[in-house]
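Visitor: Please take me through one part of this model in detail. I want the layout and then the side chains.

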Amino acid sequence: MKMVSFRRIHHVAMQVKDVDNSQSFYEHHFGFETYFDHEVLDGVPVVCLRLDDTVLELRVGDVPPDGYQGCFFCLETDDLGGDVETLKKAGVVLHRDVHETTPRNYQERRWKRAIFKGPDGELIEMRGR
């Protein structure tokens, strides 16, 4: 059987109620930078944000009332405690405070995690020390 030649996930896309609000939220609180925006053929606004080599695509669409769509993303940090405190002080909604997590590889030993909520209730996990 021939193996595929995929290297990585190119981007993660999320539907949001208000693309401008979500764009500002991810830029202000998480350090993403907008590098591309356009409207797709049906007129739906799309904004692409970059954090190093991670790309988050935001597009306007229907969002369930609780916001959580069963999909979330995780950001890695070298200062979990400091970043959690910064986000809490900025008023970002904490879903689950810092807690132990099972390492998936040697690099992740002694890591902990915390989970915040985005503007539409989406979950934003953070892992690190």
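Guide: What follows is a close look at the open sheet of four strands. The model is predicted, so local features need pLDDT of at least 70 and side-chain atom pairs count only at pLDDT 80 or more, while totals for chains, interfaces and linings use all residues. Residues are numbered from 1 along each chain as its sequence is written, and side-chain values use heavy atoms, with hydrogens and water left out.

First, the setting. The protein chain has two helices and eight strands. Helices (H or I, at least four residues) and strands (E, at least two) are DSSP runs, numbered from the N terminus. Their order from the N terminus is β-α-β-β-β-β-α-β-β-β. The C-alpha trace spans about 50 × 45 × 25 Å along its principal axes.

Now the sheet. Its strand order is β5-β8-β7-β6, and the pairing is mixed. Two strands pair if DSSP finds at least two bridges between them. β5 (73-77) and β6 (94-100) are the edge strands; each has a single partner, so one side of each lacks a neighbour in the sheet. Neighbouring strands are turned by 20 degrees against each other on average, direction ignored.

Take the pairings one at a time. β5 and β8 run parallel and are joined by five bridges. In that pair, L75 has M126 of β8 as its bridge partner. β7 and β8 run antiparallel, with six bridges between them. There, K117 is partnered by L123 of β8.

Two helices pack on this sheet. Helix α1 (residues 19-30) touches β5, β7 and β8, and its direction makes about 20 degrees with that of β8. α2 touches β5, β6, β7 and β8, and makes about 15 degrees with the direction of β7. Contact means heavy atoms within 4.5 Å. Axes are lines fitted to C-alpha atoms, for helices over the stretch in contact, and angles run from 0 to 180 degrees between N-to-C directions.

Next, the side chains of edge strand β5. They alternate: F73, L75 and T77 point to one face and are buried, while C74 and E76 point to the other and are not. Buried means under 20% relative accessible area, exposed over 50%, and partly exposed in between (1.4 Å probe, protein chains only). Across the protein chain, buried residues make up 35% of the 129 residues.

β5 also borders open space. The largest pocket holds about 470 Å³. On a 1 Å grid over the protein atoms alone, a pocket is an open set of points with protein on both sides within 12 Å along at least five of seven lines, and lining residues have an atom within 4 Å of a point. Grid points are joined across faces, edges and corners, and the volume is the space filled by probe spheres set on the points. Of the 22 lining residues, T54, F73, C74, L75 and E76 lie nearest the pocket centre. β4 (54-60), β5 and β8 each give two or more residues to the lining. β5 gives the largest share, four residues.

Now charge. Side chains of opposite charge can pair when their charged atoms come close. A salt bridge is a side-chain nitrogen of Lys or Arg within 4 Å of a carboxyl oxygen of Asp or Glu. The whole structure has seven. One joins the side chains of R113 and E125 at 3.3 Å, N to O. This pair links distant parts of the chain: R113 sits in β7 (residues 112-117) and E125 in β8 (residues 123-128), twelve residues apart. R113 counts as buried at 18% relative accessibility. E125 is buried too, at 2%.

E125 also meets R127 in a salt bridge, at 2.6 Å, N to O. R127 is buried, as is E125. Together, E108, R113, E125 and R127 form a network of salt bridges.

Compare a pair on a packed helix. E85 and K88 meet in a salt bridge at 3.3 Å, N to O. They are three residues apart in helix α2 (residues 80-89), so about one helical turn separates them. E85 is partly exposed, with 37% relative accessible area. K88 is partly exposed as well, at 32%.

To trace this in the viewer, start at β5 and follow the order β5-β8-β7-β6. Then find E125, which R113 meets in a salt bridge.

Technical notes: 1 Å grid on protein atoms, 1.4 Å probe; cavity = no way out; pocket = protein on both sides within 12 Å on 5 of 7 lines; lining within 4 Å.
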